[in-house]
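Visitor: Could you take me through this model, giving the reasoning behind each answer?

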Amino acid sequence: MVDASRPLPASTAASPLFLRDAEVRRGVELLYFGYASMIRGADRILAGRGLGRAHHRALYFIARQPGLAVSDLLRLLAITKQSLSRVLADLVREGLVESRVGEQDRRQRRLRLTDAGARLEAELFEALRERVAGAYAQAGQEAVSGFWAVLLGLIPPQDRALVLALDRAAQGRRETAGG
């Protein structure tokens, strides 16, 4: 885990010339290395079950929005229908996800985690949470807000509404639950 009591090295400060190729490359490198380090623990858990990152991402988004339509999950994951079909078939076969017919539109399939799926997703999230929370604590609130702004800027404008809707839905569930 990251030691939040130790300051970050000076090399983490962005240059005033942050749009130069060297600085952009540094950002790309940090994204690659940061992601690889963050996901390592979750990858081990998934490998033990014969699952991969696409399964993890599906579990994560279904947990974030119970009742998520398959079509919305397809947009969120940005994978082919064939790939999503394989991922969902695996998750249903393993008893981690269930698919129900939509109440308003019977052509829609709505996805929910089973109890086993919720337990696995929570275990996977905990593996990520520890790494990310430690890095957040070390960087500070202002840096986290800037990081979020950069990541949001990487999302194509046409997809931002769907991503932001996940957060609004989660916020609504927290308010309903009294948290």
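The exchange below goes from the overall fold to the core, the surface and the salt bridges.

Visitor: In what order do helices and strands follow each other along the protein chain?

Guide: This is a predicted model, and the elements described here are read from its atoms. The protein chain contains 7 helices and 3 strands. Read along the sequence, these elements follow the pattern α-α-β-α-α-β-β-α-α-α.

Visitor: How much of the protein chain counts as buried?

Guide: The protein chain exposes about 12100 Å², and carbon and sulfur atoms supply 56% of that area. A residue counts as buried when its relative accessible area is under 20%. With that cut-off, the share of the 179 residues that count as buried is 22%.

Visitor: Among contacts with a separation of 6 or more, what share comes from residues 24 or more positions apart?

Guide: One case of distant residues in this predicted model is A165, found in helix α7, whose C-alpha atom is separated by 9.3 Å from that of Q65, 100 residues apart along the chain. A165 itself is partly exposed, with a relative accessible area of 25%. Over the protein chain, taking contacts with a separation of 6 or more, the share from residues 24 or more positions apart is 57%.

Visitor: What distance separates the end C-alpha atoms of helix α2, and why does that agree with its length?

Guide: Helix α2 covers residues 53-64, which is 12 residues. The expected span is 1.5 Å times one less than the number of residues, so at 1.5 Å a residue helix α2 should span 16 Å. The end C-alpha atoms agree with this expectation, being apart by 16 Å.

Visitor: Which element supplies the largest share of the largest nonpolar core?

Guide: The largest nonpolar core has 27 residues, of which L59, I62, L73 and L91 touch the most other members. At least two residues of this core come from each of α1 (21-48), α2, α3 (70-77), α4 (81-93), β3 (109-113), α5 (115-139) and α7 (157-176). The largest share, 5 residues, is supplied by α3.

Visitor: Which residues does I62 touch, leaving out those up to four places away in sequence?

Guide: I62 belongs to the buried residues of α2, which are H55, H56, A58, L59, F61 and I62. I62 is also one of the residues that touch the most other members of the largest nonpolar core. Not counting residues up to four places away in sequence, I62 touches L68, L73, L88, V97, L111, R112 and L113.

Visitor: Is A42 buried or exposed?

Guide: A42 has its place in helix α1, and, not counting residues up to four places away in sequence, A42 touches H56, L124, A127 and L128. Its relative accessibility is 0%, whereas the cut-off for a buried residue is under 20%. A42 therefore counts as buried.

Visitor: Which helix gives the most to the nonpolar patch on the surface?

Guide: The patch is formed by L31, F147, W148, V150 and L154, with about 520 Å² of accessible area together. Among them, L154 counts as exposed at 56% relative accessibility, and L154 lies in helix α6. With 4 residues, the helix that gives the most is α6 (residues 141-154).

Visitor: How far apart along the chain are D159 and R75, whose side chains meet in a salt bridge?

Guide: The side chains of D159 and R75 meet at 3.7 Å, N to O. This pair links distant parts of the chain, with D159 in helix α7 and R75 in helix α3, and the separation is 84 residues.

Visitor: What is the N to O distance in the salt bridge of R93 and D90?

Guide: The structure holds 7 salt bridges, and side chains of opposite charge can pair when their charged atoms come close. R93 and D90 both lie in helix α4, 3 residues apart, about one turn of the helix. R93 is exposed, with a relative accessible area of 58%. The distance between the side chains, N to O, is 2.6 Å.

Visitor: Why are E29 and R26 separated by about one helical turn?

Guide: The side chains of E29 and R26 meet in a salt bridge at 3.7 Å, N to O. E29 is partly exposed at 36% relative accessibility, and R26 is partly exposed at 39%. An α-helix has 3.6 residues a turn, so residues three or four places apart point the same way. E29 and R26 are separated by about one helical turn because their spacing in helix α1 is 3 residues.

Technical notes:
Residues are numbered from 1 along each chain as its sequence is written. This is a predicted model: local features need pLDDT of at least 70, side-chain atom pairs count only at pLDDT 80 or more; totals for chains, interfaces and linings use all residues. Side-chain values use heavy atoms; hydrogens and water are left out. Buried means under 20% relative accessible area, exposed over 50%, partly exposed in between (1.4 Å probe, protein chains only). A nonpolar core is a set of buried Ala, Val, Leu, Ile, Met, Phe, Trp, Tyr and Cys residues joined through side-chain atoms within 4.5 Å. Contact means heavy atoms within 4.5 Å. Patches are made of residues with over 30% relative accessible area and no salt bridge: like charges are joined within 9 Å, nonpolar side chains (Val, Leu, Ile, Met, Phe, Trp, Tyr) within 5 Å. Accessible areas come from the Shrake-Rupley method with a 1.4 Å probe; for residues, only the protein chains shown count as cover. A salt bridge is a side-chain nitrogen of Lys or Arg within 4 Å of a carboxyl oxygen of Asp or Glu.
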